Structure formats: C-alpha cells, structure tokens
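This report covers a surface patch, a sheet and a metal site, in that order. Please keep the model open while reading.

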Amino acid sequence: MLTKEDTHKELFTMGHTGCSGCAQSMAVKLILEVLGKNTIATTATGCLEVFSTRYPESSWRIPWIHSLFENSAAVASGIEAALKITGRKNGTTVLAQGGDGGTADIGLQALSGMFERGHDVLYVCYDNGAYMNTGYQRSGLTPFDAYTTTSPSGKQSFGNSRPKKYMPQIAMAHRIPYTAVASAGYPVDLQKKIKKAASITGPKYVQIDVPCTPGWKYEPRYSVKIARLAVQTGLYPLFEAEYDKIISVKKISKKVPVEEYLKLQGRFKHLFKDEAGRMEIEKIQKIADENIVKFGLL
Amino acid sequence: MKKVLEGSMAISESVRIAEPRVISAYPITPQTHIVEHLSQMVADGNLKAEFVMVESEHTAASVCLGASACGVRSYTSTASQGLLYMSEVIYNIAGMRLPVVITIANRAVSAPINIWNDMQDSMALRDAGAIQLYAENNQEAYDMHIQAYKIAENKDVMLPVMVCVDGFVLTHTFEVVETIDEVERVREYLPPLNMEYKLDVDNPYSFGTLGEPSVYMESRFNLANAVNNSKKVIVSAAQEYKDMFGKFHGALIDTYKTDDAETIIVAMGSILGTIKDVVDELRESGKKIGVLKVRSFRPFPEEEIVAALEDAGNVIVIEKAISLGKGGILSQEIRDVLYKHRINSINVNGYVLGLGGRDITPKNIIDLIEKAKTDENMDGEFFGLNSFIEQGNISNIGD
Ligand SMILES: Cc1ncc(C[n+]2csc(CCOP(=O)(O)OP(=O)(O)O)c2C)c(N)n1
Ligand SMILES: [Mg+2]
C-alpha cells in the first residue's frame with residue numbers, strides 16, 4: 001500500500017483538490033509513472049489545471065505550463081521547436097494534455113495543426129465527456145442521450161441528441177504514427193500504450209476515458225467499475241492505430257448490456273423512467289453493438 | 001551598410017540579426033512579406049531558427065509562448081484580424097512575463113474588410129500588458145526591433161514588445177536603410193537570452209498556475225509595475241543603441257521644433273514624416289509650430305509628454321484609430337495627463353484621419369491646422385471624409 005510519503009515522491013503529487021474518485025487524476029499519475037522526469041507538460045484550461053496548480057502550490061514535479069483553453073497543442077509545438085533548435089531535446093517527452101472540450105472542440109484546430117506539422121509531441125485527451133470544470137456542459141464528446149446542463153433531459157428531450165464524435169479517427173485521418181484509446185479502468189493497458197507512444201517520434205494521440213463523479217453522478221467508489229463497464233459494453237472501444245490502420249483492439253470476453261453501465265449513472269437516469277426511455281436505451285445498445293462489429297471486440 | 005530595402009525586408013534583416021531561435025507566424029496582408037523573407041532566410045541557412053508555419057495566429061502566438069517559456073528567443077508578426085485573433089494569447093504572454101517580440105503591420109479592422117493602413121488593430125491591444133512602440137520610417141523600424149528584444153528581455157521588464165509599423169506605408173515601401181553587418185556587435189548590445197525561470201527538466205517549475213482572489217491582484221500589480229518601469233529601460237535601450245550604432249529616433253517620445261512652438265501636432269508612426277514637412281513649410285512663413293512624436297504608446301510617457309506640451313497653447317492630435325462611443329484614443333490620453341498635471345490652458349483638438357488607408361496629404365494637414373484655430377476640444381472628429389457622406393448620402397458607401 002502507498003503511504004503519504006510515497007505519494008509525495010511521485011511526479012504528480014497528492015494534495016491537489018481533485019474530487020475523490022476523480023479518474024482524470026488517476027490517469028495523470030499512471031502516465032507520469034511511465035514517462036518519468038524527463039518530461040515537459042502543457043495542460044489546457046480545465047479541471048486538471050485548476051485542481052493541480054492553485055498558486056502557490058503545484059502537484060507537478062516536472063516542468064509544467066498552462067496557457068489557455070484551446071492552445072495546449074500549440075504551446076507544446078513551441079516547446080518542442082525550442083528544444084529541437086537549441087539541442088536540448090535529449091529524449092525529453094513533450095506531453096500536451098487537454099480535456100475533451102479543450103481537445104475535440106475549441107482546441108481541435110490547434111491539435112490538427114500540431115499533428116499536421118509533425119511535432120514530436122504526445123497529446124493526451126482526458127475524456128470525461130463534458131465541460132466539467134465549468135459545471136457539466138455538453139461537449140463534442142458527450143455521449144448520446146447523456147444529461148448535461150446544456151443538453152438537459154426534459155419533456156422534449158432525452159439529453160444530448162447527437163452521438164459522440166469519433167475523435168480518435170479524426171486523429172488517425174492526419175496519418176500520425178500512433179493513436180490509441182485507453183481507459184482509467186485498465187491501468188496496465190493504459191501504461192503500455194503510453195510507453196509505446198513515448199517510444200515513437202512524431203505526433204501521438206492518446207484518448208483516455210476518465211469517469212467523473214460529480215458530472216456523471218455516481219458514487220466515487222464506482223469510477224473504475226464504470227470505466228470498465230464502458231469497455232465491456234462496447235461503448236468505449238480500446239484500440240491502437242498506426243497511421244490510419246487499427247493494429248490492435250482490446251477484446252471483451254462477453255458482451256455486457258449497456259443498461260448495466262447506464263443505470264449506475266445519474267446522467268442517464270431519465271432513460272429509466274418510461275417506455276420512451278427504454279427505446280432510447282435500445283438506441284444506445286445499437287451504438288455498442290455496432291462498435292463491437294466495427295472493431296471486432298468479441 | 002546602406003541598402004535600399006523594402007520595409008518588410010528591413011524588418012526581417014533586423015529580426016535576423018537579433019537571432020530569435022523560434023519564429024512562428026500566419027500570413028496576413030500587409031505582414032506577409034516579413035514572414036516570407038524570414039522563411040527564406042531560414043531555408044537558405046542564413047538564420048538558424050525553427051520556423052513553425054502554423055494554422056492560425058492564435059497558434060503562432062502560442063508557439064512563441066511555449067518556446068519563450070523554454071527560455072528561447074521567439075518572434076511573431078501579424079496585423080488586423082490576425083492580431084485580434086491572437087489577442088487572447090498576447091494577454092497571456094504578458095501575464096506570464098515572457099519576452100516575445102511581435103511586429104504589427106498596422107492595418108484597419110473589419111467590417112468593412114479593408115487591408116490598408118490604420119492603427120485600430122494595435123490600439124485594441126493597448127491594455128494587454130505588452131509594450132507598444134511605433135516606428136516612423138524603415139530605418140527606425142529596423143533599429144526598433146533590435147531595441148525591442150533588449151527591452152523585452154531586461155530582467156526588470158520581461159514583457160512582450162509590439163513593434164508597430166504602418167502597413168504598406170512602411171512595410172511595402174523602399175527606403176535607404178543602414179543595416180548592422182557584424183552580428184558580434186549586436187550580440188554585445190543584445191546578449192543571449194538568459195531567463196531565470198524557464199521550462200527545464202533539471203529544474204522544474206509550474207507556469208500559468210491558477211491565481212485565486214488572494215493572489216491575482218498582486219500578480220497584476222507586479223505586471224503593472226513592470227510595464228511602468230519599462231520606461232527607463234526603453235530610454236536606456238535607445239541611448240545605448242545610439243552610442244553603439246549611431247542611430248537615434250527618440251526614446252519614449254521625440255520632439256521636432258517644439259521649443260518655442262505655440263501649436264504642437266502630436267502623432268505616431270509614418271504620418272510624422274508628412275507632418276514634419278508641413279511644419280518646415282509653415283515655419284518658413286513664421287508660424288511657431290512643432291511636432292511631438294509618441295514613440296512608446298505603452299508605457300505612456302506621461303512626464304515627457306507634459307514637459308513637451310506644457311508651454312504650447314494649442315495641441316492638435318492626429319490619429320488613425322478611434323474608441324467608438326468615446327472619441328480619440330491618443331487625444332484622450334494626452335488630455336488626461338495634462339489635466340492630471342493641472343494644465344487646463346491648452347486647447348487639445350483630436351482628429352481621426354487616414355482610416356483604412358485613406359491618404360493623409362500635406363494639404364489635409366494644412367487645412368486641419370487652419371480648422372483647429374477655431375475648434376475647441378475636438379474629441380476624435382473625423383477629418384477628410386468624402387463629401388457624399390457629409391451630404392448625408394450614405395447609400396453611396398457600398399460602391
Ligand atoms: C476561450 C475560453 N472559452 C471558455 C472558457 C471556459 N472554460 C474553462 S474550462 C472549460 C471546460 C473544460 O472542459 P474540458 O476540456 O472537457 O475539461 P474538463 O474540465 O472536463 O476536464 C471551459 C468551457 C475558457 N477558459 N476559455
Ligand atoms: Mg471534459
């Protein structure tokens with residue numbers, strides 16, 4: 001078991017103000033364990049930046065910078081260019097981080113530019129499926145039918161009316177050398193992917209499913225369980241791609257009905273009220289089934 | 001060496017000899033030639049820098065921010081819409097105290113879209129915490145960029161510097177410019193950047209942390225002091241430059257024939273050349289008139305301006321920007337510092353001219369001086385409008 005002293009020695013230290021059960025902070029720790037000290041990190045505005053760097057405190061024991069919401073990939077590009085031209089690269093990993101909003105919405109242009117220009121940057125998107133820092137508003141990665149404060153359920157609405165955008169495929173379409181999807185519920189798989197990403201020169205994209213207790217409305221102890229259910233239902237397929245080809249998928253041993261996943265989370269509560277809700281759950285089951293076929297998960 | 005150079009080429013030459021290691025930009029008229037020249041210099045091996053050709057101005061400024069945070073000298077350039085687009089980042093660069101130099105090829109702001117010169121773009125950024133210097137001619141634009149790095153990187157300053165040059169009027173005009181040929185002498189004036197705090201794996205710091213109400217004001221207070229204190233650094237940078245390279249265009253301000261002047265015209269940028277010609281002519285006919293050039297708009301040289309103007313009876317401010325809903329920007333600030341120094345005997349007339357590339361002719365200036373004789377405290381009055389507007393026939397404007 002980890003003692004308090006042990007966690008102080010970690011590169012992402014305790015003492016931050018993340019919620020209990022925050023899967024995003026778990027993922028950060030796992031990533032820095034793999035990348036080590038020779039890393040410079042950027043972070044987009046969002047939960048992670050806010051809860052880890054309340055001046056004068058910081059949880060980062062590596063050089064770290066936050067600039068704005070939409071420019072994490074751009075700032076990382078500048079860091080990489082600076083290290084390159086001054087001969088200071090020396091195997092340093094430039095890690096750019098952002099939430100789903102900072103990555104797939106407002107930061108998409110800067111991210112696309114970074115990919116296109118071929119910077120040696122590892123970009124990690126912590127996908128908690130909404131703008132959590134500002135209080136659970138919808139993003140382009142909010143799943144179908146999820147309640148958020150700007151895609152609320154109501155008499156005329158089942159929540160978010162559009163399916164989640166295929167962000168990893170957008171990354172792959174840039175023909176970058178490595179794209180991976182991981183989950184905070186599968187730490188070994190996550191770390192393996194980060195290790196591989198770090199060994200490749202060029203732009204890399206890793207998207208990580210990170211459940212959010214207050215946003216998804218579940219008890220903190222269920223973070224890992226929910227993350228695993230997302231994978232086991234087929235709703236969050238984990239895979240790796242090189243350039244535009246998928247090279248591996250994380251198989252699931254047996255298909256779990258999406259209901260098992262949905263029922264644990266308050267953001268889907270409205271689907272369990274009546275027959276109309278049932279039909280919506282069937283639509284979500286269809287998304288999962290299609291993923292299972294498309295990615296060959298079974 | 002004396003050369004006939006296009007303004008953009010002069011600026012690129014100056015940037016080259018200042019040796020930035022990361023350059024990032026996105027094209028926009030009338031800045032394009034600057035970045036084209038610089039990319040060519042990098043491609044030809046005449047400038048050892050990473051040229052990061054990005055997908056937007058927001059990213060160009062962000063790349064410079066990241067590079068600068070690594071302690072590496074960085075450069076970008078933009079204008080108009082591009083500047084407004086990167087404005088969020090410029091505020092951030094200033095707040096993080098990073099010494100990025102940014103050339104602004106001053107251009108009007110849309111709508112209507114217009115690629116020609118005025119100063120509305122940089123004026124919109126006057127509160128960002130970046131130093132703003134305005135060049136009068138291509139020689140000054142050349143010298144100002146080297147000085148800009150010297151100012152930006154001073155330990156007591158550590159701020160971005162915007163070097164503002166009139167689009168087309170300077171950027172696309174060929175003039176004789178004397179360049180410095182020995183990089184060693186520039187290095188002596190401008191030593192390599194050596195930042196105390198930077199992104200460094202051997203000495204990790206966190207940059208851009210959350211500033212809660214308990215600390216935010218102190219951080220902004222430090223920033224405000226840094227901008228104010230940069231005045232003396234701007235002065236010493238100009239003085240040292242003069243001593244080493246023999247060129248001087250003023251420090252915070254410059255004055256021309258103001259000693260006994262009853263009327264003083266205040267302006268910034270390239271229009272000063274035309275104004276000085278008119279003043280020479282009027283001086284011949286015995287008129288006591290002079291010129292005040294504002295070279296540093298931020299920080300605003302309050303004491304120097306008051307000292308230069310206090311004995312004049314009339315001040316005419318000519319500016320190429322407006323604070324809509326209020327009036328002149330430069331004229332407002334001039335009036336403010338005079339009032340602050342309890343000088344209320346001067347009639348300050350502020351006029352807006354030359355928006356969107358409208359020519360300002362010597363005759364315009366002569367007419368304006370004439371008009372100002374009977375005007376009182378004009379606050380950003382438009383001067384030089386086409387007559388169809390004056391007649392109220394606004395429908396013609398779409399032509
Ligand atoms: C340009 C800009 N627009 C909006 C915001 C407000 N804002 C800050 S964080 C945030 C949402 C972050 O969401 P996400 O990227 O998903 O990260 P999370 O907090 O969920 O981890 C928003 C909308 C901002 N800081 N800057
Ligand atoms: Mg989010």
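Is B:Val4 buried or exposed, and what is its relative accessible area? The model is predicted, and in it B:Val4 has a relative accessible area of 59%. Because exposed means over 50%, B:Val4 counts as exposed. B:Val4 belongs to strand E1 of chain B, which covers residues 2-6. Together with B:Phe174 and B:Val176, B:Val4 forms a nonpolar patch on the surface. The accessible area of these residues together is about 320 Å².

Chain B also holds an open sheet of six strands with mixed pairing. The strand order is E10-E12-E11-E14-E15-E16. Strands E10 (253-256) and E16 (379-382) of chain B are the edge strands, each pairing on one side only. On average, neighbouring strands of this sheet are turned by 25° against each other, direction ignored. Within the sheet, strand E11 (residues 263-267) and strand E12 (residues 289-294) of chain B run parallel and are joined by five bridges. B:Val266 has B:Leu292 in E12(B) as its bridge partner.

The metal site is in chain A. The magnesium ion (ligand 2) has the protein donors listed below, which lie 2.0 to 2.1 Å from the ion.

| Donor residue | Donor atom | Range for the donors |
|---|---|---|
| A:Asp100 | OD | 2.0 to 2.1 Å |
| A:Asn128 | OD1 | 2.0 to 2.1 Å |
| A:Ala130 | O | 2.0 to 2.1 Å |

Along the chain, the donors of the magnesium ion (ligand 2) follow the spacing D-x27-N-x1-A. Of these donors, A:Asn128 and A:Ala130 are both buried.

Key:
Residues are numbered from 1 along each chain as its sequence is written. Chains are lettered from A and ligands numbered from 1 in the order in which they are written. This is a predicted model: local features need pLDDT of at least 70, side-chain atom pairs count only at pLDDT 80 or more; totals for chains, interfaces and linings use all residues. Side-chain values use heavy atoms; hydrogens and water are left out. Two strands pair if DSSP finds at least two bridges between them. Helices (H or I, at least four residues) and strands (E, at least two) are DSSP runs, numbered from the N terminus. Axes are lines fitted to C-alpha atoms, for helices over the stretch in contact, and angles run from 0 to 180 degrees between N-to-C directions. Patches are made of residues with over 30% relative accessible area and no salt bridge: like charges are joined within 9 Å, nonpolar side chains (Val, Leu, Ile, Met, Phe, Trp, Tyr) within 5 Å. Accessible areas come from the Shrake-Rupley method with a 1.4 Å probe; for residues, only the protein chains shown count as cover. A salt bridge is a side-chain nitrogen of Lys or Arg within 4 Å of a carboxyl oxygen of Asp or Glu. Buried means under 20% relative accessible area, exposed over 50%, partly exposed in between (1.4 Å probe, protein chains only). Donors are N, O and S atoms within 2.8 Å of the metal (3.2 Å for Na, K and Ca); water is not among the atoms, so sites may look incomplete.
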